[in-house]
Amino acid sequence: MNQPLIKVEALKKYFPVRSNHLFKTQKQWVKAVDGIDLEIQSGETIGLVGESGCGKTTLVNVLLRLEDSTEGSIIFDGLDITRVSQKMMRDKVRKNIQIVFQDPFWSLNPRMLVRNVIGEPLSVHQKLSGLALSEKVESLLDMVGLPKDSLYKYPHEFSGGQRQRIAIARALALEPKLVVLDEPTSSIDILSQAQILDLLQQLKEKLGLTYILISHDLSVVHYLSDRIIVMYLGKIVEQGPSEVIFNQPVHPYTQALFNAIPSLSMQNLSELQTIEGNVPSAINPPTGCRFHTRCPRVMPICSEIEPKAIYVDKDHQAACHLLKS
Amino acid sequence: MTDQKTQFYFEIKDLSVGFRTFEGIKPVLNIEGLGINRGETYGLVGESGAGKTVLALTILGLLPKPAGMILNGSILFDGVDLLKQSEKQMAEIYRGKRLAMIFQDPMSTLNPVFTVWQQIERVITRQEGLKGKACLKRSLELLDMVKLPDTMNLIDKYPHELSGGQRQRIIIAIALSCGAEFLIADEPTRNLDVTIQAGILKLIDELQRDFKMSVLFIGNNVSLVNIFCRNAGILYRGKLVEEGLSNCVVQNPLHPYTQTLISAIPRSKSEKLKFSKTIIKPEAENGCPYFSRCTIGKENCSTHVPMLREFRTESSAESLNDIQNPVQKAACFYAGGTI
Amino acid sequence: MTKFILRRVLLGIIVLLGVAFITFFVARVVPSNPAAKWAGPRANQEQIAKATIELGLDKPLLVQFGKYLTDLIQGNLGHSLRTRRPITQELLESLPATVELVLLSTIAAVFIGIPLGVISAKRKDKMIDHFSRLFSIGAVSLPTFWIGLILQLFFFRILDIFPMGGQLSTEIKILMDIPKITGFLMFDCLITGNFTIFFDALWHIVLPGITIALYPIGLVARMTRSAMLEILNEDYITAARSYGLKEKTVLWSYALKNSIGPTSTVVALSIGYTLVNTFLTESIFTWPGIGSYISSAVIGNDYPAIMGVTIFSAFSYVLLNLAADIIIALDPRVRT
Amino acid sequence: MTQNSNLLRAIQPAVRELKVTFYLLNRNLLQRISMVIILLLILIAIFAPVIAPYPGHAISDTNPKDKLLPPSRQYLFGTDELGRDLFSRILYGTRISLRTALLAVGLALLIGAPLGAIAGGLGGIADEIIMRLTDIFLSFPPLLLAIAISSFLGPSLENAILAIAISWWPWYTRIIRGQAVSIRERQFVRAARAIGTPLPKIIFSHILPNTLAPVIVQASMDIGGVILTIASLSFLGLGAQPPIPEWGLLISSSRTYFLNAWWYSTFPGIAIFITVMVFNLIGDGIREVLDPRTRKF
Amino acid sequence: ADSPTFAVYALNSEPLTNWDPAIEFSNGIHVHNNMYEQLLRYDSIEEKIIPMLAESYTVSEDGLTWTFKLRSGVKFQNGDDFSAEDVKFSIERTMQLAAGASYIWSAVESINVVDPLTVEFKLAYKNPLDLVAATGYAAFIYSSKCVNEDNTWIDETSGCGTGPYMLRSSKWGDEVILEKFDGYWGGWQDNSIDIVVFKKVSETATRRQMIETGEAAITVELPYTDVDVLKNNPDVVVSVNPSLQNLIGMFNTQKPPLDNVKLRQALSYAFPFQAVIDTVIGGYGQQSYGMVPAGLWGWSDQLPRYEYDLEKAKALLEEAGVGSDLNLVLTYTAGNESEKSTAELYKSELAKLGVNLEIRGMPWDSQWEMALGDPAQRQDILMMYWWPDLPSPYSFLYSTFHSEDEPLFNLAYYKNPEFDQLIDGGNEMTSSDIEKAKQMFIDAQKMLLDDAASIFMYDRQDIWVTYKTIQGFKFNPAYPTVVFFHELTIQN
Ligand SMILES: Nc1ncnc2c1ncn2[C@@H]1O[C@H](COP(=O)(O)OP(=O)(O)OP(=O)(O)O)[C@@H](O)[C@H]1O
Ligand SMILES: Nc1ncnc2c1ncn2[C@@H]1O[C@H](COP(=O)(O)OP(=O)(O)OP(=O)(O)O)[C@@H](O)[C@H]1O
Ligand SMILES: [Mg+2]
Ligand SMILES: [Mg+2]
């Protein structure tokens, strides 16, 4: 196997919280990301799914070093980016990892012209300005299918889908190796969504990009991803090739997740599967397997020993006591 | 069949609602007709901004005050035009008593400065005249009904101390507290996970059966509406573009918008999303709202607004055996032409 | 939690230190010689030199500041240059009269301002809203020092309804025993059941009371209105209406409680404004409070006294805020 | 596309916003009247020397033979103790009040805005220090600090402006910091950080511009308050010096003649009242109009 | 019993600033002169000495030994007997505290008790000790038993004075209420006032309204506009008297350009004397003849005066040879309306000469500090009111124009040895040959006028307004704005 583009080991991110009890000084932590190992190969698209609040956004924020990690290492291009200085980060790493946020409106500075929005990375890293900058931005606009006269407009003059294109153009300006897409289409209508997904697919092929895609909409994940990672409460519970995960998930959580998706072929409410119980708190996660409080196939061992990730198949891993390797 | 219009328990006729803006009055809702029978569930589907919430608020007479305007139409409920009721009548007779609503956003629907108990108590005291112990007992019953655990404890908590799912269920409990005859559920699961979503839908379904409620279910997920509702309507830019038995709409969409919508959705889990390329034409100001994206639209679509038309379709689904003549309506000049 | 409170207290102390430092600095570099002042008018060189030593002005500035701080901790604000009496004592003597006035106007602000704001928000753009806005904006636009004069002219000179100044009529003051328990005149009269004096005092507080109260009433009404306008647009208000709750409940219980936050901040702020406004009006109404005290201090360039009042009001302000912060922090609703 | 039309495009949203604001303000009778009055005040301020019947009276001339005359055709608002035409003096006073208020607010903004952006943008120690500093300044009752500072600087209009700015900036720092903190968490700032934009650039080109709108609204509302504060300072003898016809100073002088010359205190008082009131009305209006939730078309 | 009679005296600032009669050198003059008494009192209208605690006094030939015979049978309010010991104690303590106006005693070398009713003062140099002993400040006699070790006044209410009134209650900075001392040696007439209230009423309009309604029995310091109205009010009595107070504008005679005498003269001619008197004080005053005010001996209408004459001023200005655009700074005491208006009138006249006068109103201390501070930063013209500590021209001329190395009140920084010699001599002559002394003071003032050391603007008149029920009111400018309530009666 060749060198992975990014390799994450034992990554943790804890957020401090104020305790809810009067005069109790004990410090508590939200364990948003709690020990994650991950390898991403160049050129693949990873779909990251899981219940809301399970730590997906936090994970990618740490990958981009928008938040500092609590523990663990992230090796990108042979460099541990949890340890390098902010300057090093700026000079060496930032231009290679970019992100497209969920909400295209809030991720664009409403008081900047599109030219400067897209041009900002170029002026920061390549010190482009004036005509050279405009030309480069025009070519980027062209690439994402926006007219050239968008240059001197403000973000609010565009529709949701167009704004998302601007955000993509901006992310691609420095020709990064890795692009993170955090819910890239969740706030736009179904027709624009189609176009954006299509564009992303094309750009990936054309520029040889690597994507990390986060989405609640499993059909979107299905559409783009090569590999899917399922998270539950700060941990990875299952990962494997997209088709495999969709068709033969092995972890009970993954199964439940996929069975709760309503589909057109269903006729009856009873066909939707539910998970009983409430989501446990990320401050005091359950012992043993984190899913055991809600797992339909829970065994005594589950509350005591934390299951290790096991290869079910080549490229298909899951962490559950039900599995025997 | 022909007299059916008068039989509806709840009916909207020629409703049009607009918002005042700098550029003038911007219409956001224009519904020719929509009817719901007693004990029936009606699903309204539309993308974000289609006007679903505005419709719900209009029914309850709660449109945002200075901006929202009812331009025309009537909303008949049990033979009474709700739009003609005074604010006082709405508050005393209808809201909370006969009409109830579950709001879209559980985060902002609960008042942050009152405990769960304080919020439930006021409603129960007002609607059922219960006080003290009796009121508490009733509240606990309600919370049990929506399957909340540890109700004694929960009732003294503030909204921010609850999880999204718990909040949503409290809202449902309050909305259902007085056994309203008509429930509007405005995307009650929008901010929830698919797994929690399934649980909540099952709960509403159960309650509906127990109380014989009519439900207007609002959602943006066609599959969900298909599973949950008997009838379905498709809202596009404030206009009902298609209506019918939900199974029929899903299996035999007539309007081009519905067709694109449904064709994109995978039939089963293992299928991928499918997209047909969309073209964008200039908007037609006096024409069909879907004109700018329509692939089959012709000249007259840009100058005339199509009205809902009835289509008779052969029942293809076995589950529709009890209905002899399923009716489907669509607002398109060329509907049913292609499928 | 304890940690949070400790932190707030610590920050409060830092702020107080800063306040003390600024006050000290401002007063020390002021172009005036405290020693000459202390020595009295037309003092000669020796007298001034003697005063310089008495006041410790010959010491380095830092030493002086140190002494000032240690005195401050013991509640000693130094001596007035004019009267040579302890400022703390003088302040405490003139405090009750002002507190009475400020309290009254704060009560007025709460009981008139808040309802005005609520009604105005409820009936937005109706006649009553226009009227109440005009009133509340007018109230904050009136120069306090001017309206005092005008009120006096109108209600005393022309209509002769209210007395023109003072806390009590001279006859009553001389011929009757004025109860002195807490030092708050009206309160003392009430608890001793001395109604003749109480009503006389009430009669006297009307004009200065109105003058001082106008600003906070307007301020609170404006703030309440805008807070209510925002809150009335919240989803939970629409939801409350959808449950069929009475409009009265929605307005006065549901919405108002949410506006308590911004409103109480404004009430606290208005106490600060009011305090300074007494400074501009007390002399008009011959009101023997802190306002009169500080205006004689300003006229007489009595810097220790000015510093004393400044420090005193700043300290009470900081302490009030601290208390408010801690109370808010103890409130379960804001904790997450 | 020409450079010119680019520029037009660039300012177009701002122009539209202005138009909308103006339109909305104009719909409310109170606000319409206020706008007209403000316009009038500005005109008066500019053309005071032309309009005033006795411009000399506003500068250094005296006219003792006509002292304390009641309003008449010759002296519209009567005369003061030195026989000067009050009407002319009050007209000139507009000039002084408006100019000083603008200067004071501008200065306060100049100090307060960058500090607020730095505090909110940087966070951490810088934030802590700056905010403690504002706490310290805000702990003084509002007018009191201005009084202390201007008595330290010595009485003059310029010093009063400085004193007001020094006691006012923390408000802007607070507002901007509050805004900046929320903007710092906005996606576009994260996006800029993800690109590797250096922090100072983020603060000054992403954060600051986005905080300015509410602050400018606040500042425009403060104009009334500042005029009042200047008048109070002058009233106490700490602001404008005679014979400058500052309104507060006029009222202060008029006190002596209060019972014999009602016009002397009445007209400057009304001038302050109206000016402060129209600015407050407009300020309130702007705030309402800019809040999309309370907008009414 | 009838309810007691009372009278309110409405003052423009706080009734007193220090309870200690040895220290108080401010408003307390009003209160203290009713609670305490001096050895003598001076009637400046009749120009004669009135015996108080001393029945008579003699001066030795050399003028250095003064012997006072004390009144017998006098009691302090607390019942202590009054004796020569108290006199010695009081004056010595006052001198030793060296606060307030204690310097008036600076000529005294020693005080000896000859017998319980005789006290002898030895002086270091010749000085009119009778006038000193009659001063309104720092000359009070109080009971030697009243003062504790720390030299602090034990208790204001302990009745340490011999005066007709004793303290009943007070509110700091606001009011002082005195009541009749029944055992007063001077006895009481019928209808005398039982209770006196000294009340701070800083707003002039309020004071006027109080006197109109009878709420106040007496008030002072009303603007002339109010006085003109009150004159026609049958309910009140307005009395206008010389005040011994004058307004002067001191030129900085050391700092260019005002070190040029021609320029100072020019500026003096530009001062609109009559306009100021008419407009600012409504004619209640007159243009000064030199520094000594009308009503005090040493005043003379033979002295020359500068008259308002812009032509002359212009000519002198040219003679002075100063450049055309002259900028001068004038300071006055902030809050004083008459000083402010005067400055404004002067400014408008100077503007006609092309001289720009910048007016700055400052609190007295700041103004004073500026005058004593960095010479380069000093104001060019300092405007102030002046009034006597002692009823002697020397008091006027010494503090204000006598050469000083470090000036205190000589804010014209005037240095003229001849002048010094004249007034020092005049002072020594006062107790022996008052006519000669007078002439010397007049000659000295001539020098000031020639040098134009200052603009002597006007001698002010004091205006008292009493309510119609008050009888027996007499004024005495040697005790400015003091009301001796013992002399008054109330007639309803
Ligand atoms: N700045 C923060 N401080 C404290 N807790 C945080 C912070 N950011 C995130 N969290 C917590 O960390 C957990 C993971 O949050 P995260 O945003 O990564 O979830 P997510 O998987 O992206 O969810 P969603 O699908 O809803 O976007 C949540 O419990 C969240 O409350
Ligand atoms: N207060 C308002 N002022 C002006 N326009 C409004 C207002 N509220 C809603 N609208 C407009 O009305 C239209 C319908 O809004 P509505 O909230 O009903 O959408 P929705 O179908 O509920 O969407 P979502 O799925 O996002 O909830 C939108 O175009 C919106 O811009
Ligand atoms: Mg997320
Ligand atoms: Mg909605």
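B:Thr53 is partly exposed, with a relative accessible area of 28%, and it is a good place to start a tour of this predicted model. Together with B:Gln104, B:Thr53 supplies the protein donors of a magnesium ion, ligand 4. From that site we move out to chain B as a whole, then to its contact with chain A, and finally to the other chains.

**The magnesium site in chain B**

- The donor atoms are OG1 of B:Thr53 and OE1 of B:Gln104, and they lie 1.9 to 2.4 Å from the magnesium ion (ligand 4).
- These two residues bring together distant parts of the chain, being 51 residues apart.
- B:Thr53 belongs to helix α2 (residues 52–60) of chain B, while B:Gln104 sits in the loop between β6 (99–102) and α4 (106–109).
- B:Gln104 has a relative accessible area of 18%, which is under the 20% cut-off, so this residue counts as buried.
- B:Thr53, at 28%, falls between the 20% and 50% limits and therefore counts as partly exposed.

**Chain B overall**

- Chain B contains 12 helices and 12 strands.
- It has 339 residues, and 57% of them count as buried.
- Among contacts in chain B with a separation of 6 or more, 64% come from residues 24 or more positions apart.

**Where chain A meets chain B**

- The contact draws 40 residues from chain A and 42 residues from chain B.
- About 3,500 Å² is buried between chain A and chain B, with 61% of that area on carbon and sulfur atoms.
- Three leucines, A:Leu191, A:Leu264 and A:Leu269, provide 23% of the area that chain A buries against chain B, more than any other three residues.
- If you are looking for charge pairing here, the count across the interface of chain A and chain B is 0 salt bridges.
- Polar contacts between chain A and chain B also come to 0 residue pairs, with both residues required to be at pLDDT 80 or more.
- On the side of chain A that touches chain B, the elements giving two or more residues are α6 (190–207), α7 (218–224), α8 (242–247) and α9 (252–259).
- Of these, α6(A) gives the most, with 9 residues.
- By residue class, this side of chain A divides into 19 nonpolar, 17 polar and 4 charged residues.

**The other chains**

- There are 8 pairs of chains that touch, and the most contacts are between chains C and D.
- Chain A and chain E do not touch, and their nearest C-alpha atoms are 46 Å apart.
- Chain B and chain E likewise share no contact, with their closest C-alpha atoms 48 Å apart.

How values were computed
Residues are numbered from 1 along each chain as its sequence is written. Chains are lettered from A and ligands numbered from 1 in the order in which they are written. This is a predicted model: local features need pLDDT of at least 70, side-chain atom pairs count only at pLDDT 80 or more; totals for chains, interfaces and linings use all residues. Side-chain values use heavy atoms; hydrogens and water are left out. Donors are N, O and S atoms within 2.8 Å of the metal (3.2 Å for Na, K and Ca); water is not among the atoms, so sites may look incomplete. Helices (H or I, at least four residues) and strands (E, at least two) are DSSP runs, numbered from the N terminus. Buried means under 20% relative accessible area, exposed over 50%, partly exposed in between (1.4 Å probe, protein chains only). Contact means heavy atoms within 4.5 Å. Buried area is the accessible area (1.4 Å probe) that two parts lose on being put together, summed over both. A salt bridge is a side-chain nitrogen of Lys or Arg within 4 Å of a carboxyl oxygen of Asp or Glu. A polar contact is a pair of N or O atoms within 3.5 Å; within protein, one must be able to donate a hydrogen and the other to accept it, and residues adjacent in sequence count only if both atoms are side-chain atoms. Ala, Val, Leu, Ile, Met, Phe, Trp, Tyr, Cys and Pro count as nonpolar, Asp, Glu, Lys and Arg as charged, and the others, Gly among them, as polar.
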